[in-house]
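Visitor: I am new to this structure. Please take one part and walk me through it closely, then show me how the rest fits around it.

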Amino acid sequence: MAAAVSLLMLNRLSPRSLTLLASLPLSLLAACEWNEVEQGRLGQLELVPSACGKAYCDLDDGIATGGDLSITLRGRDGSSAYGLTLISEQPWIADVVAIEDDGFEPRFRVLGTGPGRTDLIAVDAAGYEVDYLPVEVATIADLEVSMVSDGASSLSVYGYDSAFELKAGVDAELDVIGTSRGTDLTGDFQYAVFLDAEVAGALLPGSDLGRGHLSLRLVQPGDHELTFIAPGGATERMRLFVR
């Protein structure tokens, strides 16, 4: 599996969006969550994803099996969506598992339960369809790795999906990203992570193992092995060489 020693790049953003991002203060960028507004197929509602485990939520990316996210319903042109309920046509593909807010813009928690395509349907109190949106759920097939550290280099090591040589005592930022057909899937999910005691002791504040983000500073030379397993079984075996 290919690994890149580079900063993670924003992708799937339009040039206009990138210009807007560049013009915003860093403090505001850190506090923002960017979400792609989706129009219902009947033109009555907007569906807005959020809390998807990423800074930018886009249902077009596909929902990861085992991943969940919030979807807010709101009427077009500022009208209220009060009293509407979101349901799934095929809950074995995507299931609406909770109502998080039943106000004027009701918000629901949606879970990717199995690969395929289904419709999320907004219905009124009488059960009549108001609008719908097709969504795709995909099982994570590949794990991509990004390592950012001064002087780091990517290696090819037999028996491992990725390997890096790091400088002892230098901070490193490591991210593991679940993809399907080259697309970074959306949805908040947890990796199973296995690492040795030295790496565990080198973790810095801001690390989130379950989400595949590690900030670490390994101060002693040595070799270390890490394993990440995504929902569905995709596995990344990684080797770190600290010199």
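Guide: What follows is a close look at one strand, β15, and then at other parts of the protein.

Keep in mind that the model is predicted. Start with the whole. The protein has 243 residues, and 41% of them count as buried. Its secondary structure comes to three helices and 21 strands. The accessible surface is about 12,200 Å². Carbon and sulfur atoms hold 53% of that surface. Now take the contacts with a separation of 6 or more. Residues 24 or more positions apart make up 58% of them.

Now to β15. This strand spans residues 162-166. Is it mostly covered or mostly open? It is mostly covered, with four of its five residues buried.

Which strands does β15 bridge to? One is β14, residues 153-155. Three bridges join β14 to β15, and the two run antiparallel. Look for Leu-155, which stands opposite Ala-163 of β15. The two strands form a hairpin, with six residues between them. Within this hairpin, Gly-159 takes a positive phi near 90 degrees.

Another is β21, residues 235-242. Here five bridges make the link, and the strands run parallel. Find Ala-163 again. Its bridge partner in β21 is Arg-239. So Ala-163 faces Leu-155 in β14 and is bridged to Arg-239 in β21.

Next, a sheet elsewhere in the chain. Five strands form an open sheet, in the order β3-β4-β7-β10-β9, with antiparallel pairing. β3 (38-39) and β9 (94-101) stand at the edges, and each has a single partner strand, so one side of each is left without a neighbour in the sheet. Follow β4, residues 45-50, to β7, residues 68-75. Six bridges join these two antiparallel strands. One pair to find is Val-48 with its bridge partner in β7, Thr-72.

Then there is a pocket. The second largest pocket has a volume of about 220 Å³. How many residues line it? There are 16. Leu-59, Asp-60, Asp-61, Gly-62 and Glu-136 lie nearest its centre. Strand β12, residues 129-138, gives the largest share of this lining, with five residues. By class, the lining has six nonpolar, three polar and seven charged residues.

Stay with β12 for a moment. A loop runs between β11 (116-123) and β12, and Ala-126 lies in that loop. Is Ala-126 buried or exposed? Its relative accessibility is 59%, so Ala-126 counts as exposed; the cut-off for exposed is over 50%. Ala-126 and Gly-83 are 43 residues apart along the chain, and their C-alpha atoms are separated by 9.9 Å.

Compare a residue in another strand. Ser-180 lies in β16, residues 172-180. Its relative accessibility is 10%, and buried means under 20%, so Ser-180 counts as buried. What does Ser-180 touch, leaving aside residues up to four places away in sequence? It touches Ala-138, Thr-139, Ala-141 and Leu-185.

To retrace the tour, return to β15. Find β14 with its three bridges, then β21 with its five. From there, move on to the open five-stranded sheet. Finish at the second largest pocket, with its lining of 16 residues.

Terms used. Residues are numbered from 1 along each chain as its sequence is written. This is a predicted model: local features need pLDDT of at least 70, side-chain atom pairs count only at pLDDT 80 or more; totals for chains, interfaces and linings use all residues. Side-chain values use heavy atoms; hydrogens and water are left out. Two strands pair if DSSP finds at least two bridges between them. Buried means under 20% relative accessible area, exposed over 50%, partly exposed in between (1.4 Å probe, protein chains only). Contact means heavy atoms within 4.5 Å. Accessible areas come from the Shrake-Rupley method with a 1.4 Å probe; for residues, only the protein chains shown count as cover. On a 1 Å grid over the protein atoms alone, a cavity is a set of points where a 1.4 Å probe fits but cannot get out, and a pocket is an open set with protein on both sides within 12 Å along at least five of seven lines; lining residues have an atom within 4 Å of a point. Grid points are joined across faces, edges and corners, and a volume is the space filled by probe spheres set on the points. Ala, Val, Leu, Ile, Met, Phe, Trp, Tyr, Cys and Pro count as nonpolar, Asp, Glu, Lys and Arg as charged, and the others, Gly among them, as polar.
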